[in-house]
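Biologist: I would like a close look at a single part, the surroundings of the ligand, and at how the rest of the model bears on that place. Where does the ligand sit?

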Amino acid sequence: MSRKATITGLGKYIPPRVLTNKDLEKMVDTSDEWITTRTGIKERHLVEDGVSTSDIACDAAREALADAGLAVEDIDLIIVATVTPDMPFPSTACLVQEKLGAWNAAAFDLEAGCSGFVYSLAVAAQFIESGLYRNALVIGAEILSRITDWEDRSTCVLFGDGAGAAVIEATDKGGMLAFELGADGSGGKSLYIPAGGSLKPSSVTTIEEKGHFIRMEGNQVFKFAVKTMGYAALKVIEKAGLQPEDVDLFVPHQANTRIIQSAANKLKLPEEKVFVNLPKYGNTSSASVPIALAEAREEGLIKDGDIIVLVAFGAGLTWASTVIEWNEGE
Ligand code: UT7
């Protein structure tokens, strides 16, 4: 059997400060009832001023390394999935490398919207399976509160901050069995930040136009998500040579309970096999899947031999999924 990559450690960081739907009622024309019924979100966590994405990425990474029993100098590769890097360059992964003191690691960022963490797992797996590296640290970290227009009720109720991390190593039993990655760039304008890049550099005008905040056509993204999540999950299960009924736990991107429900229905999964923590954290983009996975394991929902499906969709538009036969090894 060929060598596979597997997750041997998990960590997460959730900022302590909570913003509830009731708090949002005082900020924009919305209601707890609307947010709860349309999205499933009850509250989200936000970082304090001065905290950066690399800071919270490091908090999650340290927990994952301790969980895997690896020392910082053991890390060969750091990939940070984020749409909220500390700055355009250097990469957040290089900032993380310096803060951790991971001097033996190559480091780069990967940007695939909310699918970024699962995309990064696929990339890291190639390095491990080829034998080029022994281990990798894959982090999804976001401070979405800094790119949210807090006067736009159609987006500000959805997002939160947080980070999740996974250590990836080789295994000869189970591991990440298959991946399905995809993109549809024609949907890019459904979810984007108009300014601050080479096309529209930052200027007084871009600030006045609020061009540095998330713009989203919610129902377009919703339709894409409903179509894609079920498809990506079914496809990757098939690639792994399995059936939906073999799945022990489904860990989807936490964006909207209606989207999660529709994907779970396509797989005919009972409620207890679908992990949902969206009410507590909102949508944390590329941090959502690793936070959910870390929390599911903390809750005792994952044991060696289990078949776990991760699936995400996001800006790009993109989608990504993987099937893991859980095996943390020694
Ligand atoms: O990770 C990827 C990131 N993006 C997503 O996951 C977003 C996917 N999309 C969604 O989750 C849903 O489309 C939303 C939750 C964003 C919106 O739900 P919807 O059922 O698609 O509502 P809608 O956008 O069609 O809006 C319905 C109404 C509108 O009012 P009118 O035009 O019918 O009078 C909105 O103005 O709800 C209004 N509305 C709100 N009302 C109260 C929009 N946002 C709010 C709000 N509070 N926060």
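Modeller: A word on the labels comes first: helices (H or I, at least four residues) and strands (E, at least two) are DSSP runs, and they are numbered from the N terminus. The model is a predicted one.

To your question, the ligand sits in the largest pocket, and the elements that give two or more residues to the shell around the ligand are α2 (32–39), α6 (153–156) and α8 (218–239). Among these elements, α8 provides the largest share of the shell, with four residues. The shell has 21 residues, of which Thr 30, Arg 38, Arg 153, Asn 256 and Asn 283 come nearest to the ligand, and by class it holds nine nonpolar, eight polar and four charged residues.

Three side chains can be described by their distances to the ligand. A polar side-chain atom of Asn 256 is 2.8 Å from a ligand oxygen atom, and the side chain of Asn 283 likewise has an N or O atom 2.8 Å from an oxygen atom of the ligand. For Trp 34, the distance between an N or O atom of the side chain and a ligand oxygen atom is 3.3 Å. As for cover, the ligand on its own has 950 Å² of accessible area, and the protein covers 72% of that area.

The pocket itself deserves its own description. Its volume, as the largest pocket, is about 1400 Å³, and 48 residues line it, with Ile 147, Phe 159, Leu 191, Tyr 192 and Ile 214 the closest to its centre. Two or more lining residues come from each of α2, β5 (106–110), α6, β9 (191–192), α8, α9 and β12; here again α8 gives the largest share, which is four residues. Sorted by class, the lining of this pocket has 23 nonpolar, 17 polar and eight charged residues.

There is also a cavity to set beside the pocket. A search of the whole structure returns one cavity of 30 Å³ or more, and the volume of the largest cavity is about 40 Å³. The residues that line the largest cavity are Gln 254, Asn 277, Tyr 281, Gly 282, Thr 284, Ser 288 and Ile 291, and this lining divides into two nonpolar, five polar and no charged residues.

Some backbone features can be placed against the elements already named. Most residues other than glycine have a negative phi, and most peptide bonds are trans. Lys 268, however, has a positive phi near 55°, and it is placed in the loop between α9 (257–266) and α10 (278–281); α9 is also one of the elements that line the largest pocket. The peptide bond from Gly 316 to Leu 317 is cis, with omega about -10°, and Leu 317 is found in the loop between β12 (307–314) and β13 (318–325), where β12 is another of the elements that contribute to the pocket lining. A further cis peptide bond runs from Phe 89 to Pro 90, with omega near 5°, and Pro 90 belongs to the loop between β4 (77–81) and α4 (92–100).

To draw the ligand's surroundings together, α8 gives four residues to the shell around the ligand and four to the lining of the largest pocket, while the side chains of Asn 256 and Asn 283 each place a polar atom 2.8 Å from a ligand oxygen atom.

Note on methods: Residues are numbered from 1 along each chain as its sequence is written. This is a predicted model: local features need pLDDT of at least 70, side-chain atom pairs count only at pLDDT 80 or more; totals for chains, interfaces and linings use all residues. Side-chain values use heavy atoms; hydrogens and water are left out. A residue is near a molecule or strand if one of its heavy atoms lies within 4 Å of it. A polar contact is a pair of N or O atoms within 3.5 Å; within protein, one must be able to donate a hydrogen and the other to accept it, and residues adjacent in sequence count only if both atoms are side-chain atoms. Accessible areas come from the Shrake-Rupley method with a 1.4 Å probe; for residues, only the protein chains shown count as cover. On a 1 Å grid over the protein atoms alone, a cavity is a set of points where a 1.4 Å probe fits but cannot get out, and a pocket is an open set with protein on both sides within 12 Å along at least five of seven lines; lining residues have an atom within 4 Å of a point. A molecule sits in a cavity or pocket if more than half of its atoms lie within 2 Å of its grid points. Ala, Val, Leu, Ile, Met, Phe, Trp, Tyr, Cys and Pro count as nonpolar, Asp, Glu, Lys and Arg as charged, and the others, Gly among them, as polar. Grid points are joined across faces, edges and corners, and a volume is the space filled by probe spheres set on the points.
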